[in-house]
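Okay, thanks for coming, everyone. I'll put the sequence and the structure up, and then we can walk through a few pieces together.

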Amino acid sequence: MNAEKTDYDLLYNPRLVVPDHQQIFTRWESESEQARARLESYLDVPYGPTETEKLDLFLPQGQSRGLLMYIHGGYWRSLDKKRFSFVAPALVKSGITVAVPNYALCPAVQVEDIVMQMVQACAWLYRNGDNFGAPEHTLFVCGHSAGGHLAAMMLCCHWPKYAPDLPRKVVSAALSISGLYDLTEIVKVPSINSDVRLTAKSATKVSPAFMPPATDAPFYTAVGGKENEGFHIQNALIAKKWGRARSANVACPGENHFTILDQLCTRESGLFGAVLQMMEPGERPT
């Protein structure tokens with residue numbers, strides 16, 4: 001592409017191309033309030049020492065088949081875990097323990113700091129998940145948008161270097177929905193980088209496209225058919241860069257950057273099936 005003629009805001013800012021995004025956010029908030037009121041949960045559990053380092057845990061119906069950490073999006077600069085409790089009901093109904101962590105937001109922190117907070121959250125859940133009825137020392141990660149970037153970064157982590165008590169494979173598999181993998185592109189997006197404040201150097205340092213996965217953990221991707229072109233570019237890029245490390249790509253035709261999460265809440269969808277498959281290969285929704 002000719003950078004001088006490319007509108008990077010239109011490539012990468014979904015709020016500019018989804019006119020009803022605010023109504024979708026309002027619906028998420030309402031459905032999340034209902035989920036917290038209805039589901040068995042532990043809310044605001046600390047995974048670190050700061051106020052932003054807390055997570056919500058939703059317990060499954062029956063015995064847990066696995067622990068899934070869901071990382072919310074918002075371009076590392078907005079939104080909160082409480083707006084995303086709505087992802088839990090369908091998952092817990094299928095026997096999945098769900099953890100939704102918070103993290104600090106840009107520009108108060110840098111993307112690199114958020115990555116390390118998610119590393120800390122993963123380590124905490126790996127060590128403590130069985131205290132909440134999840135299978136011992138088993139963790140899966142799913143993230144959307146900026147959360148998809150963070151999910152991919154968890155597969156690049158060399159866990160024993162972070163903490164010697166951890167094994168090489170803390171995260172057994174990951175799913176990135178509408179993820180971002182080459183953050184040097186975000187440097188060119190004025191409406192986003194005004195808050196995120198990435199430079200070419202700092203963006204390269206936290207770009208999964210420029211680093212190999214640290215283990216053979218399966219990696220799944222998904223992108224909506226109606227998303228900004230930039231997310232399709234990113235999805236194709238990580239497929240090329242990671243090769244066989246990407247286990248599958250889930251087609252979500254007709255979905256935009258926000259409505260794609262409806263598929264994660266629909267037990268008959270291909271995206272929900274991908275969650276079950278990465279946790280228990282061969283499984284499909286029941």
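**One arginine, then the sheet**

Let's start with a side chain: Arg-267 makes a polar contact with Ser-94, side chain to side chain, at 3.1 Å. Keep in mind that this is a predicted model.

So where does Arg-267 sit? Look in the loop between helix H10, residues 260-264, and helix H11, residues 270-279. And is Arg-267 buried or exposed? Its relative accessible area is 17%, and the cut-off for buried is under 20%, so Arg-267 counts as buried. If you want a distance to go with that, take Val-141: 126 residues away from Arg-267 in sequence, and 18 Å away in space, C-alpha to C-alpha.

Okay, on to the sheet. We've got eight strands in an open sheet with mixed pairing, and the order reads S1-S2-S4-S3-S5-S6-S7-S8. Why do S1 and S8 each have one side without a neighbour in the sheet? Strand S1 (41-46) and strand S8 (246-252) are at the edges and each has a single partner strand, so nothing in the sheet flanks the other side. Going from one strand to the next, the twist averages 20 degrees.

Zoom in on one pair now. Strand S6, residues 173-177, and strand S7, residues 219-224, run parallel and are joined by four bridges. If you click on Ile-177, its bridge partner in S7 is Ala-222.

Last thing, back to helix H11. That helix lies across S3 (66-71), S4 (96-101), S5 (140-144), S6, S7 and S8. Against S6, H11 runs at about 160 degrees.

Technical notes:
Residues are numbered from 1 along each chain as its sequence is written. This is a predicted model: local features need pLDDT of at least 70, side-chain atom pairs count only at pLDDT 80 or more; totals for chains, interfaces and linings use all residues. Side-chain values use heavy atoms; hydrogens and water are left out. Helices (H or I, at least four residues) and strands (E, at least two) are DSSP runs, numbered from the N terminus. Buried means under 20% relative accessible area, exposed over 50%, partly exposed in between (1.4 Å probe, protein chains only). A polar contact is a pair of N or O atoms within 3.5 Å; within protein, one must be able to donate a hydrogen and the other to accept it, and residues adjacent in sequence count only if both atoms are side-chain atoms. Two strands pair if DSSP finds at least two bridges between them. Axes are lines fitted to C-alpha atoms, for helices over the stretch in contact, and angles run from 0 to 180 degrees between N-to-C directions. Contact means heavy atoms within 4.5 Å.
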